[in-house]
Amino acid sequence: MSIQVLPEQVVAQIAAGEVVERPASVVKELIENALDAGATAVSVRTDAGGRKLIRVSDDGSGISSAEAELAFARHATSKLRSVHDLEVIQTLGFRGEALSSIASVSHVTFTTRHHDEAVGTYLRIEGGNLLETRPIGAPPGTTITVENLFFNTPARLKFLKKENTEKRYVASIVTRYAMAYPQVRFILEQDGREVFRSNGRGQLADAVLKALGLDNFKQMIEVDAEDPARDGRPAVRVYGYTSAPDLNRADRGQITLFVNGRWVQDSSLAYAVIQAYHTLLMNGRFPLAVLMIEIAPHEVDVNVHPTKAEVRFRDPHAVFSTVQRGVREAVIGSADAPQARLGRRGGEIHSPSYGRNAAWLSAPRDYRSDFEPTLPLEMDDPGQFPGQRQSQDRDSDDPNAIPYGPGAPDRPRTLPVLRVVGQVGAMYIVAEGPSGMYLVDQHAAHERILYEQFMDAFERQEKISQHVLMGHTIDLSPDEARLIEEKFDVLIAVGFTLEPFGPNTFMIRTVPAVLSDSDPAEAVAAILDDLMADNQPGQLSIEDKIIAQVCRRAAVKAGQILSIEQMQNLIRQLERARNPHTCPHGRPTLLHMSGEQLAREFGRA
Ligand code: ADP
Ligand code: MG
């Protein structure tokens, strides 16, 4: 092929690929334009996750009739004149790429009226071609409608996710901006249904509450820290909310950071937040946070990437340390004052419990009072589904007489008969078998037992759910709510029935019977957490993953003191588990030391 300069249209489409990846990126750019135009109200509507239609209206400055057309030209911007302006840029946009990019890959209708002019302008553009322009009567401000996104770039279209997933991405963009701009009223309507509204009264707490849902918000701690300029370091302020350690997630996607009002995805800043929880969170668990970072504009380079989602700091360390210190102080400060924080999603009051798992190591006499042995296991039926109990032969010494589980036929043994000797550290069961000593992780073993029972019942299509007696509602963030809706079928299949009860609130009707002793809202929250984090396709089906999670919750915890009978029952059932050696998550359930090994260790052999 000969060398040729690409036609403008093709250049625009290629460039659009960088700015507009999916409906949510269109929404992001349009919201940023509305905010730059000084809007006090921004309303977003999408149909079919934004594939069919995205409409963003604002009451901002509007564009004069003389300039409306120009706004859609490539690299046309009112926000930047020279490269020096980049140093002090105060607006979210500056590249002049969004409108032209969006218009080159969709059908756009645009209505705008400058607040100083009496008439507005109407434009219609398809695939970058201006088809119509005329004056129109309109209120001051701008409304842009984007239809048939990616109609002329089928490759992009193919990469879009399921409609519900795109809806969720859009919801998370809108709620994020609502948090960063609490003085602006945001409304999000998806497929004709209002799913989010902030009040625009300027209170960050209001906006964060709306965006995260009440149940999460109750566990958020306020952050406000400032480092003055010194030793050549810039002044940095960080404020917002971060989660109490009890509220955490399996992925870091819930750490939202704004730098001077710009949403950024900066892994080192996110890491600063995570670092602040050092030793407070288990490995692989991450906090939720909404943090606003303020720094002089010339200290940050915003022109790193077309989506403007990355920034560079002149002094990254100053920012990093302020964020880390601010979050750490807030979290530690709240832990020092145990005057009743609201509990996770339950609404009950309890004092912080983190660090407790390690307490018995350092304070062996204290752990008894801390670990109230509230045992979900009843003496004669460890790990059975409550409500599906069977009469059991408790007198018999023959372990074969104890039924394995609900309705399950007796199974072949997979372990030898074990005699329970006792418990170590409220965590491990010591048992003796014909060939030596067994150390059993009580939590992992119980998880395994419950998992197999659950899977059996699930496969036999037995009723595995149980009605929740008192109405429990769970109030979620809009994106969490969309995820729940997306997975309704799977949830029902494993025993959770949820009913919509307001835009982002659900009434919990049933839970898996095995969880009937736990807080239904907490159980749903835990499942949701797993679903949110689940972006890597594993070998396990989503049902299996949820069931494994349910069993983890229902199993006895490390730290629970068990009676001899409870331990015996647990061991009896483990002896007949199909895979007694690992828990459903793949960790070992038991360690075996043979008689010979022991003899060797003691120098007897
Ligand atoms: P940028 O935001 O980087 O300047 P855009 O392509 O997003 O580039 O927008 C081009 C120009 O159109 C902006 O600089 C602004 O002057 C004008 N504009 C876009 N959207 C709006 C809006 N909602 N209200 C007022 N002016 C707007
Ligand atoms: Mg813009």
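**Ligand shell, cores and selected residues in a predicted model**

Student: In this predicted model, which of the 19 residues around ligand 1 come nearest?

Tutor: The model is a predicted one, and its ligand 1 has 19 residues around it. Those that come nearest to ligand 1 are Asn 33, Thr 77, Ser 78, Lys 79 and Gly 96.

Student: How far is the polar side-chain atom of Ser 78 from an oxygen atom of ligand 1?

Tutor: Oxygen atoms of ligand 1 have polar partners in both side chains and backbone: an N or O atom in the side chain of Asn 33 is 2.8 Å from one such oxygen, and a polar backbone atom of Leu 99 is 2.9 Å from an oxygen of the ligand. For the polar side-chain atom of Ser 78, the distance to an oxygen atom of ligand 1 is 2.5 Å.

Student: What share of the accessible area of ligand 1 does the protein cover?

Tutor: On its own, ligand 1 has 530 Å² of accessible area. The shell that surrounds the ligand consists, by class, of seven nonpolar, eight polar and four charged residues. Of the ligand's accessible area, the protein covers 92%.

Student: Which helix gives the most residues to the largest nonpolar core?

Tutor: The largest nonpolar core has 60 residues, and those with the most contacts inside it are Ile 31, Phe 72 and Phe 186. Once neighbours within four places in sequence are left aside, Phe 186 is in contact with residues including Ile 31, Leu 35, Val 42, Val 174, Tyr 177 and Phe 196. The element that gives the most to this core, with eight residues, is helix 5, residues 163–180.

Student: How many residues does the second, separate core have?

Tutor: Apart from the core in which Ile 31, Phe 72 and Phe 186 have the most contacts, there is a second one that includes Ile 474, Leu 498, Val 514 and Ile 547. The number of residues in this second core is 38.

Student: What percentage of the 605 residues count as buried?

Tutor: The protein has 18 helices and 24 strands, and among its contacts between residues at least 6 apart in sequence, 68% join residues at least 24 apart. It exposes about 27,800 Å², of which carbon and sulfur atoms supply 51%. Of the 605 residues, the percentage that count as buried is 52%.

Student: Is Ser 477 buried or exposed?

Tutor: Ser 477 lies in the loop between strand 21 (465–475) and helix 13 (478–486), and its side chain makes a polar contact of 2.7 Å with the side chain of Asp 479. Leaving aside its neighbours within four places in sequence, Ser 477 is in contact with Ala 211, Leu 212, Gly 213 and Asn 504. The cut-off for the buried class is under 20% relative accessible area, and because Ser 477 has 3% relative accessibility, it counts as buried.

Student: Which side chain is joined to that of Thr 143 by a polar contact of 3.2 Å?

Tutor: Thr 143 lies in strand 6, residues 141–147, and counts as partly exposed at 26% relative accessibility. Leaving aside neighbours within four places in sequence, Thr 143 is in contact with Arg 55, Val 56, Ser 57, Thr 109, Phe 110 and Thr 111. The side chain joined to that of Thr 143 by the polar contact of 3.2 Å is that of Ser 57.

Student: Why is helix 17 described as largely enclosed by the rest of the structure?

Tutor: The buried residues of helix 17 include Gln 566, Met 567, Leu 570, Ile 571 and Leu 574, and what covers the buried residues of this helix includes strand 18 (419–424), strand 19 (428–433), strand 20 (436–441), helix 12 (442–459) and strand 24 (590–593). Helix 17 (residues 564–574) is largely enclosed because the number of its eleven residues that are buried is eight.

Student: What is the relative accessible area of Asn 260, a residue with a positive phi?

Tutor: Asn 260 has a positive phi of about 50 degrees although it is not a glycine, and it lies in the loop between strand 11 (255–259) and strand 12 (262–264). Asp 191, in the loop between strand 7 (185–190) and strand 8 (193–197), likewise has a positive phi, near 50 degrees, and is partly exposed with a relative accessible area of 36%. Asn 260 is also partly exposed, and its relative accessible area is 33%.

Methods. Residues numbered from 1 in each chain as written. Chains lettered and ligands numbered in written order. Predicted model: local features only at pLDDT ≥ 70, side-chain atom pairs only at ≥ 80, totals over all residues. Heavy atoms only, no water. Near = heavy atom within 4 Å. Polar contact = N/O pair within 3.5 Å; in protein donor to acceptor, adjacent residues only side chain to side chain. Areas by Shrake-Rupley, 256 points an atom, 1.4 Å probe, with all protein chains shown as cover. Nonpolar A, V, L, I, M, F, W, Y, C, P; charged D, E, K, R; others polar. Core = buried A, V, L, I, M, F, W, Y, C linked by side-chain atoms within 4.5 Å. Buried < 20%, exposed > 50% of the residue type's maximum accessible area, 1.4 Å probe, protein only. Helix = DSSP H or I, 4+ residues; strand = E, 2+ residues; numbered from the N terminus. Contact = heavy atoms within 4.5 Å.
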